[in-house]
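Please open the model in your viewer and keep the selection tool at hand, as this tour moves from one selection to the next.

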Amino acid sequence: MLKIAVVGSGPSGFYTAEALLKSSKAEVDMLERLPVPYGLVRYGVAPDHPKLKLPATTYARTAALSGFRFVGGVTVGKDVSVEELKDAYHAVVFCCGAETDRELGIPGENLPGSHAATAFVGWYNGHPDFLQHSFDLTQEQVAIIGQGNVAADVCRILAKPVDDLRQTDIAEHALQALAESRVREIHIIGRRGPAQAKFTDKELRELGEIPQAGVSLDPADLVLDPASAKEIEDPRGQTAAWNMALLREFASRPLAQARRRIHFRFLESPVALYGGQNLGGAVLEKNRLEGPPFGQCALGTGVTARLDCGLLFRSVGYKGLEMPGLPFDERRGIIPNREGRVIGDGLPLTGMYCAGWIKRGPSGIIGTNRADAVETANHLLADMHTNASLPSKAGASALLPMLASRGLRCTSFEDWLKIDAAEIARGAEAGKPREKFVRIKDMLDIVSRQAAA
Ligand SMILES: Cc1cc2nc3c(=O)[nH]c(=O)nc-3n(C[C@H](O)[C@H](O)[C@H](O)COP(=O)(O)OP(=O)(O)OC[C@H]3O[C@@H](n4cnc5c(N)ncnc54)[C@H](O)[C@@H]3O)c2cc1C
């Protein structure tokens, strides 16, 4: 039986584990830095989109398959090295996602009041890493840089009446802060035109359906250049065509006496953020598009305008973190690979694989990770099959004592089920599907308490 370590318990980790276990040729130990599983399904997907968290039910079924083990609370590259995993397992599959955000690279980017969308998303979803963050929701003017679905999530959470969030699994600290919010105008800014906005039409439509919130945009922005017009006529531009229809409809709406307003702004890039102790606003440069259909770039025109705002979120993409002991493509923020085989010095590294966002970058929906993980798992199984003289490997019987000797308190999947049940019980009291524990200590205390009972 092959002994495989999977690093990361998000969608790609679980789909990889499922494909390997169903081959009946492998046992899988899944290592996760947090005590709890599911990656961005738990800590990324917006609280008001509960159906999109349903894949977790499938992952729990994978966890029940024979040969699966969850080892939570272990950061690979810190608590255990890649080399040590290589020694203990026949192969290691890195499924560690894209955990950091891309920067704008402009002056003033780090002024207080300018935040990565990652931090806000982690904060409202109760991720322990972001508990200490605070966001000044007394500001009336907010800018969001970027026009993808993460930007749409951030906008929706800011724009929605807080009562619409009370019955979700949003973290209690975020609910309390949002209840006091004075946010009024939300500017959602894209460097290219409306035909290039990355929202999916469903997410865009939702922004126009928020109770007590209005949408606005300059109708002149909807006049497309010839290349953009070609894009939306092309079958590849179907989502953009739907988005354009929605935006035209938004532009035709009277801007009622809305409590909050969402302003869609196109062909603008921040070139500097200004302020003193705190963010005062952004200097936006007007852009024009140049290039062929589906290859248009935004070029600055030199015309700038100031947008006063005391709160700004940068949502221009995620990228992976370098793992000590592994090659890394700094520009793309991924582990260099060929169809999931990790590549070092131009050649596949024996026993090293990757899947999900760390393999292909932050694109696609949760389901996209399934085919991606199956591709990696199939290559791994084929490589192991051709290597007839595989040595036996110790797997967990080497790993677990090593982790214990380092004083780590690891969680099992059964421990997660206890945390899960406790969160659901806490949530029921508040009429929520769950109330997450936001401190690692509180998660571990639940496990200890139940073990003692
Ligand atoms: C804000 C946001 C909202 C989204 N909403 C949706 C949505 O509504 N619908 C949809 O279909 N898709 C959505 N997505 C996309 C979806 O979440 C991703 O496609 C998917 O989570 C990628 O899976 P992954 O396994 O590669 O990474 P992740 O889900 O990020 O999982 C990576 C896991 O690896 C762990 N890890 C990282 N480093 C280490 C380490 N060194 N050692 C051990 N463990 C480690 C992390 O803690 C994490 O659990 C959203 C993404 C974001 C960012």
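## A pair of crossing helices

The crossing of α5 and α6 is left-handed, and it makes a convenient first stop in this predicted model. To find the pair, select residues 117-124 for helix α5 and residues 149-159 for α6. The axes of the two helices come within 10 Å and cross at roughly 55 degrees, which makes α5 oblique to α6. Now show the side chains where they meet: A117, F120, V121 and Y124 on α5 face V150, A151, D153, V154 and I157 on α6. Sorted by class, this contact holds eight nonpolar residues, no polar residues and one charged residue.

## A second pair

Next, select residues 11-22, which form α1, together with residues 368-386, which form helix α12. These helices pack at an angle of about 50 degrees, with their axes 8 Å apart, and they are therefore oblique to each other. Here α1 passes α12 in a right-handed crossing. The residues to display are P11, S12, Y15, T16, A19 and L20 from α1, which meet N369, R370, D372, A373, V374, T376 and A377 from α12. By class, the contact between α1 and α12 comprises seven nonpolar, four polar and two charged residues.

## Around the ligand

Keep α1 in view and turn to the ligand, because α1 gives the most to the shell around the ligand, with three residues. Which residues come nearest to the ligand? Of the 34 residues around the ligand, the nearest are G8, G10, G39, G97 and G356. Besides α1, the elements that give two or more residues to this shell are β2 (26-32), α2 (39-43) and α6, so a selection of these elements brings back a helix from the opening stop. If you colour the shell around the ligand by class, you will find 16 nonpolar, 14 polar and four charged residues.

## The two domains

Finally, colour the protein by its two parts, domain 1 (2-99 + 319-411) and domain 2 (103-316). Their C-alpha centres lie 33 Å apart, and the contact takes seven residues from domain 1 and 14 residues from domain 2. On the side of domain 1 that touches domain 2 there are five nonpolar residues, one polar residue and one charged residue. With these colours still on, go back once more to the ligand, where the surrounding shell draws at least three residues from each of domain 1 and domain 2.

Notes. Residues numbered from 1 in each chain as written. Predicted model: local features only at pLDDT ≥ 70, side-chain atom pairs only at ≥ 80, totals over all residues. Near = placed C-beta within 6 Å. Helix = DSSP H or I, 4+ residues; strand = E, 2+ residues; numbered from the N terminus. Nonpolar A, V, L, I, M, F, W, Y, C, P; charged D, E, K, R; others polar. Domains from an automatic or database assignment. Axes fitted to C-alpha atoms, helices over the stretch in contact; angles between N-to-C directions. Parallel < 35°, antiparallel > 145°, perpendicular 65-115°, else oblique. Left-handed = near helix turned anticlockwise from the far one by under 90°. Contact = placed C-beta atoms within 7 Å.
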